[in-house]
Amino acid sequence: MGILDSKIPSGPLAEKWTKYKNEIDLVNPANKRNIDIIVVGTGLAGGSAAASFAELGYNVKTFCYQDSPRRAHSIAAQGGINASKNYQGDGDSDYRLFYDTVKGGDYRSREANVYRLAEVSGNIIDQCVSQGVPFARDYGGLLDNRSFGGVLVSRTFYAKGQTGQQLLLGAYAAMNRQIHRGKIKSYTRHEMLDLVIVDGKARGIITRNLITGEIERHSAHAVVIASGGYGNLFFLSTYAMGANVMAAWRTHRRGAFMANPCFTQIHPTCIPVSGEHQSKLTLMSESLRNDGRIWVPKRLEDAQAIREGKLKPTQLKEEDRDYYLERRYPAFGNLVPRDVASRAAKERCDAGYGVNKTGEAVYLDFDAAIMRYGSEKALTSGLKNTDDGHIRKLGEEVVEAKYGNLFQMYEKIVDENPYKTPMMIYPAVHYTMGGLWVDYNLQTTIPGCYAAGEANFSDHGANRLGASALMQGLADGYFVLPYTIGDFLADDIRTGPIPTDSVEFDKVEKDVLDKINKLMSANGTHSVDYYHKKLGKIMWNKCGMSRNVKGLKEAVEEIAALRKDFWENVKVPGAADDKNQELEKAGRVADFLELGELFAMDALERNESCGGHFREEYQTPEGEALRDDKNFKFVSAWEYKGEPKDAKLHKENLIYENIELKTRSYK
Amino acid sequence: MKIYLKIWRQKDASSKGKIVDYTMNGIEGDMSFLEMLDILNEDLISKGEVPIEFDHDCREGICGSCSLQINGRPHGPDRLITVCQLHMRSFKDGDTIVIEPFRANAFPVIKDLIVDRNAFERIQQAGGFISVNTSGRTVDANSIPIRKENADKAFNAAACIGCGACVAACKNASAMLFTSAKVSQFALLPQGRIEAAERVQNMVRQMDLEGFGNCTNTGACEIECPKGISLENIARMNREYLGASIKG
């Protein structure tokens, strides 16, 4: 096994977690009072973990760069959270959720972790309801469900288009209860700049107070990294502007392996880019694909006329439209998984059928759904012989009740009414399946250092299914870490507080200060955003929805050159001992410039197509991803060795005992 | 478009601030308001000046970080949006725009357009939760049926993003809408009823301690709330508070 021991418990799949919980070491309640845990990031994973640790009795310190834990970007998740409750009686089960998730991830995730996720999914819903999370309900007062991509059951629980917000506020409330009791100390507007290791164990972090610029030392017996994903590497993405990889990357630099960095999710339904000034992209929830139909014109000349503004989409007859997902994937239609839907949109736009000025947009059309709902509403309201206009009005009301906030968001950004004319959408970077390598305990390769939520790599393989991120974040925080961290901390009941005046803290703090001084003293010619945008362009063009050897090799070189230029010529105004948003950005972009190169190397190394990683050299004659299970059925885990080009690749072989590996088909 | 900006600049909490004039050319309607400020900041950086600091994060109207008072209105002229969703098409060539931080005694300025909203945190910590442990060992979710109407109302109250626009809009700098949104969410749900009396008393006490003003029912908070949180919630909180006080 070597250093990559995944620590998967023995025994039958469905019994592993229970058996494991029965066998691991526990810390008695009195001793928990003497143990400190640091949690970096306060989204679903970090917030739920912090609250749970504090309830168990540990002393917790949380850190977030925002002014409140409630603002972590989990708040922006729209569509829903999966759970195998089978409330709809449509054949769902833990096994089916497990199966769908492993298949959706294109057989690049760990069976035991995913099964555990499915197993605790139902508990998440129970937990959240008892916390007062206002999920959508039907008229009988019971919980409502909807469907998401890549599955054939309705298992997604939701709160309008604001599910992430409601779940995060639930975790935030649980945190507040513990802050009130003094069991959590919440450090807001603080950023983790480095990890401190003492005697081989993670024992603290160095932070910067973002208001005063002060560099601070914080110690603990264990450190949890729950700082989210790294999609902002692409500059334009659906991530929050401040989302960054600093905590995870600097942990990687201290010895934690980085797993599958090239596995990125490009979400099919986002509002297209409108111009050079654009700072971020906005997602339109996948739940819209329950009712929206995706199409482009059948004829190139129609697409051109639409681009030139001479033709309106509503003028195009049904037979002149190409509902390409329904055509290519009749079984799943518009609800194919995200990677498949994104590539199909790119394929149509590359072939010249794009429908906006830039040629990079397809339609998401609600007309059929509006008429269908309208007719149903007319029937149940006892209205007979109503005209189309009235039916349309009724239908629009139903659609508004389901997706109102999304439609409003679209209209504000694009300045078009999506009830009257189809939405325009295009894929955008949305999530990273890759992240810090963790074992079954969610522990990284550094003892005492854990990673949870999007910051780890564990459950989604090469492609994440919709409504699974919220599930994983809360599963890690509420139900997995509170058990597994005890196994490590059981050895620390006699350790006592970790001092911060040690040589280890001195050294790491000096490294941090040197780095800040170097950034402040470059005094070059270009702003941080200049470099970030350049990096984003390289990533999107060469490491985006489709990748090839030539482009990836160029990307590796271009990113290395850009990084060199950055350190020589970046310009950071203001002072380091002051509130300084440019300095904050500079530190984050410096890390992206290292991660970007490793990302390209990882994509180059993986000579197959799987999930969101599509290598042009490896595809079927129909243009579908061609996996190579013989040679690439592994997790790539990179060890930091100085420059990104020197990183050392380790492999964790994936073992499938409960699922037969098949070509993923949604046809 | 040519736009004239008058922006509040303040070095830190203890320094005095002032309005500084900037002129922007070539602004397009499709730009968001914050992208316009990004361009201004790039320009300031290239001139060697210190850029303007403002809070922002998700840029899709849900995190609640934005806190700009634009021409005297929280989040600017449009209704039901945050600043990050405001686009320059809402302005016209030659307009002058005044940008200030949210103003309230309980929201001290940290720097430029950034304010300290920790008072909101402390109100939530005082009682904005249901006291259940996160063990997952609770009852099955569907064993607590809830009338759809109440579930929807609770959701509407829970949609508050904690931005503080209600306080900035209020002539008394009252935090009643913010506080009542959380009180209402839980008061409308059977799970929240159990601690309803303690919750409303604790949260109101903290709200008063923070120095927010009283409510005089002008309704400005509801008008400026980016999430359309209803004044009904304030009425519900008053009822809850009265009920809790009578019971003792």
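User: Which residue in strand 8 of chain A is the bridge partner of Gly204(A)?

Analyst: This is a predicted model, where local features need pLDDT of at least 70, side-chain atom pairs count only at pLDDT 80 or more, and totals for chains, interfaces and linings use all residues. Residues are numbered from 1 along each chain as its sequence is written, with chains lettered from A and ligands numbered from 1 in the order in which they are written. Strands (E, at least two residues) and helices (H or I, at least four) are DSSP runs, numbered from the N terminus. In strand 8 of chain A, the bridge partner of Gly204(A) is Ser219(A).

User: How many bridges join strand 7 of chain A to strand 8 of chain A?

Analyst: Two strands pair if DSSP finds at least two bridges between them. Strand 7 (residues 201-209) and strand 8 of chain A run antiparallel, and the bridges joining them number 5.

User: Which are the edge strands of the open sheet in the order 6-7-8?

Analyst: The sheet has 3 strands in chain A, with antiparallel pairing. An edge strand here pairs on one side only; in chain A these are strand 6 (190-198) and strand 8 (215-219).

User: At about what angle to strand 6 of chain A does helix 14 run?

Analyst: Axes are lines fitted to C-alpha atoms, for helices over the stretch in contact (C-beta atoms, placed from the backbone, within 7 Å). Angles run from 0 to 180 degrees between N-to-C directions. Helix 14 (residues 503-521) of chain A lies across strand 6, strand 7 and strand 8, and its angle to strand 6 is about 140°.

User: Which helix gives the largest share of the side of chain B that touches chain A?

Analyst: In chain B, 64 residues are in contact with 65 residues of chain A. The largest share of that side of chain B, 6 residues, comes from helix 1 of chain B.

Note on methods. Two residues are in contact if their C-beta atoms, placed from the backbone, lie within 7 Å.
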